[in-house]
Each structure stands twice: as structure tokens, then as C-alpha cells.
Amino acid sequence: MTKPKNKGNKTTGKKQNRFDNQKGKQHRQQGSPKNVKSKGKPNTNGKQQRGKKSVTENVTCTGLTPEGKGIVEWEGKELEVENLLPGETAEVLISRKGRFTNTELKHVMTPSEDRVNSPSWYYYERGGCQIHHMSNEAQTRFKQKTIDKLMKTFGKPEPIITMDHPYDYRNKNTMTFGLNKKREIICGLYAPNTHRIIPMDGSLIHDPKADEIIQTIKGMMKSFKMQPYNEDTGRGFLRHVLVRVGKNSGEIMVVLVAASPMFKGKNNFVKALRNSHPEITTILLNVNNRSDSMVLGNQEKVLFGKGSITDTLCGMRFEISAKSFYQINPIQTEKLYTKAIKMAELTGEETVIDAYCGIGTIGLVASEQAGKVIGVELNKGAVRDAIRNSKRNGVKNARFYQGDAGEFMVQMAARGEHADVVILDPPRSGSDEAFLSSVVKLQPKRVVYVSCNPETQARDMKYLVKNGYKVKEIQPVDMFPQTAHVETVALLELK
Ligand code: SAH
């Protein structure tokens, strides 16, 4: 069946995004074998095949892993194949090296109705978008199913809150710079688990203005004799460019991440960049001479503007510096926070703990409806930002403390303190027993658990359920469309 051209409508599941008329377009119609050839997958390209046992097999995809990879059965084993959808039959190169089996999708014979992009488009655009080859409807189904399955023991989760335009949403956008084999300057994202740069002129989920600025910088480098940094030789200058955008305020921060503080011709560079993009409100130089995968180093110098941007979220103003943690999808964050605070059922009297509070966003938004808010966060800079944000917004009933959330709660419990509601939003690894056991001692009426990793969330909820709490509601929110990640907020009440 030939599908109508991309209209982004519900029945076809076709998408509409700013790349529709670009490089990927020729690959967007389904079914043509030459369009669905993938090449150069990181761990299985031609060269690396030597010395390995490899076979090409026809397989059928029977399901999806929680990471959005296709599951196929081969020789009695379940294998994972990137970019394959349930029901599709495909030719897959399977190669074994020692205990490891790698797979590479070669050709999809019967594309699924849910497929919207071919692997070559995927390859071009894969940076972090593990499931952008699925229609938006299929993504929603996939995420709902993943959460329903994980949370099965607690009850039926609500339908996932989706995003109307599930593209261009990131307010924090980074690209890495390097040279290709022809020694031309490239920028893009690392291929998964490697430091090999996939050249890209944009991403489906990046802010379009941010991508435009990054391309301008790439175009300026030659005339300014600015070399990209080479990780192998340690030579060169520019490592990454990070662009943070205040989606509501319109303020834009550009961070040039360099290997050294010696920035020759910086005034002219800044002038030229501002000429091309007068919308930029601040430019910084960040010096990173580390060899790990961290984008930002510790040294920072403001080259233009105030060195930070502000943005509004749920009616409050937040100052964001280059290093601050700030939710990357503000449209969905507002929906998430609104839901979390509604679950807390605040009447203006309650003592609310905002644990793992980052720069204080949830607690400050909740403060209007609470008696008092106590925030705790490990990162010193974030706590400083939270205190500043509280002053900036004239909040008088919130206090923020630096420390481990678990230890903080243990001390609170030991002092016999009281809390009515605990909101927690831990990192991907989830919370810990010190924290959860102290929650059980403090006996708050309600626990609102926000999580970017439903697996650890389910684990922690199990502990609370064993110790006197009941799960009342589970709400998934699609904070990261085109990727396999899901955010969930759950309400637990004391039995
Ligand atoms: N609630 C915030 C931040 C959530 S991200 C928001 O919505 O923006 C999780 C936060 O937990 C990060 O800021 C991280 O620094 C913090 N964190 C990680 N481990 C911690 C610990 N052991 N104790 C307290 N905070 C921790």
C-alpha cells in the first residue's frame, strides 16, 4: 500500500517535522528494498567483521525491548535488532565474537504499518532518537505497554500524556566537533557507545534555532582558523557547542567548549557570531581538558552577556546557568509538575519535602499551595540556584539544604520531625533504602514519586507498598518523544 505523503495526520501515522524536505525524504516511503539498507552500524561495519563468524538470516520480529529494539528468535535464543518493528520480516547479519552476538539490520522485507523512516534516514538521524522510525501512535502504544507491564502489580496506569508536536523540544542542545577522513570540519553526535562522530546538520528533537547557530559556528571556523579538538592527538581547540534556549523567554545561551582557555581572535569571533544571530543573549567559553565523556569542564568565562539565561515554568522565573540541571522538555515538564502537585492534594497547610530537588523547580511551584517546603539536593551549585530562584520569585516558605537525600531523611526521622507530603524525583538509579525507610518512619500521608526510570521506580514503590503504602495513581508522561525514555509520576498513600 502506498501511503499519502507526510501530512502528519493520525490515520497514517506519518510525521511532520522540519527534516521532511531534507536528506531523509527520499527514504520516507516504505518498502523499497534499496531504501532500507543500513550501513556503518558502529560495531558491525565491514572492517570489524573480519575474524568473526557471521551469517545473514531471514528473521521475524516478535516484540520490542524496553529500549525499543526489535526482538527476534534465532537458534533458540532471543536477539535484539536495532530499528526493527514487531511483525516485520528482515534480513539480519548476525555475527558472533566470543560470548557476544551482534546484529545488524540489512533489509526489511515486509515493513510494518508503524514504520515511518527507513534505516538510512535513521542512521543519519539516530543521535539519541532510538525509536523515531515508529509512527507517533506506535511510540505512544509502545510506551504505554512498557509502563503497563512494569507497573502491573500496582494497578492500571493512566493513558500516557503525549506531546502535540513531538519534535524540536529540547532546550539544551549539544553537538561535538571533529575532522572527517578528508580533514573537513564536521559536527554531530557520538554514535552510541563510541566517540565516533556522526555528522549531522540537526536533530529531530533539538531546538531548530540551536541547530542553526551550531551550523553557523561550524561555517565560521575555517575563516577564523579555529580547529576542532582531536581526542587522539590532544591538538585543536573546539570540542563541543552547547546551546541552551529559554523556550518561553526567548533568551539564548551559547557555550563554546574548548580544550584550552587560549582563544585567539575571540572578540572578532563573538562579534561575527552575534552579527549572524542577534538573538543570542549570552556567550560563554567553557574549558574542558578532561578525557571522559563529560561535555562541560569546570573553568568558565563569560564572553558576552550575563552568563546565564532565565526562563519561566508554571508561571515562575528560573535562572539557568551553563551547568544547571533543568528539565529538557519544558512543554511536557509543565504537564508533569501540574500533575505531581495535583496528586499532592495541597491545602496550604502541609509540610512538603521536595527530595532530589535540583534547582528547586517542583518545590517552588508547589510552595504557593503548601504550608512550607523543604528541598534537599546533593549538588551544591543546584542548591545555590534553588535559593536564588526562591528569592527571585518572592517565595518565603521554602528552605533548601545540600546533602544526600537519604541521610537527610534519616536525620529528620531521628529528630522525630513531621512531613505531610514527600515529593521525590531521584536520578535514573532511583532512591535508596536509607531514604525509603525514613519515609516509612516519617509516615507522610502522601508520597508523590516522579521518575525518569520506571524500572527503579517500580522497585522503590514495591518497598513502600510492603511497608504500609498503597499506590493510588500512576501517570506516564512522554517527556522524550522519539526516544525510548518515559517519565512517570505515581501517587502513594498511607494505608
Ligand atoms: N526535581 C528536579 C531535579 C531532578 S533530577 C527537577 O525536576 O528539575 C535528580 C536530581 O537528584 C539531580 O539534581 C541530582 O543532582 C540529585 N541527586 C542525585 N543523587 C542525589 C542524592 N543522593 N541526594 C540528593 N540529591 C541527589
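What follows is a chat about the ligand site and helix α5 in a predicted model.

Mentor: Ground rules: residues are numbered from 1 along each chain as its sequence is written, and side-chain values use heavy atoms, with hydrogens and water left out. Since the model is predicted, local features need pLDDT of at least 70 and side-chain atom pairs 80 or more, while totals for chains, interfaces and linings use all residues.

Trainee: What makes the ligand's link to the side chain of Tyr337 a polar contact?

Mentor: A polar contact is a pair of N or O atoms within 3.5 Å. An oxygen atom of the ligand sits 2.5 Å from an N or O atom in the Tyr337 side chain, so the pair qualifies.

Trainee: Which backbone atoms pair with a nitrogen atom of the ligand?

Mentor: A backbone N or O atom of Leu378, at 3.2 Å, and a polar backbone atom of Ala405, at 2.8 Å. As for cover, the protein takes 84% of the 580 Å² of accessible area that the ligand has on its own (Shrake-Rupley method, 1.4 Å probe).

Trainee: Why are Phe269, Val270 and Leu273 of helix α5 called buried?

Mentor: Buried means under 20% relative accessible area, exposed over 50%, with a 1.4 Å probe and protein chains only. Those three residues of α5 (266-276, a DSSP run of H or I, at least four residues) are listed as buried, so they fall under 20%.

Trainee: How do you know that they share a side of α5?

Mentor: Their arc, taken from the directions from the helix axis to the C-beta atoms, is only 95°, which puts them on the same side. On the other side, Asn267, Lys271 and Asn275 are exposed.

Note on methods:
A polar contact is a pair of N or O atoms within 3.5 Å; within protein, one must be able to donate a hydrogen and the other to accept it, and residues adjacent in sequence count only if both atoms are side-chain atoms. Helices (H or I, at least four residues) and strands (E, at least two) are DSSP runs, numbered from the N terminus.
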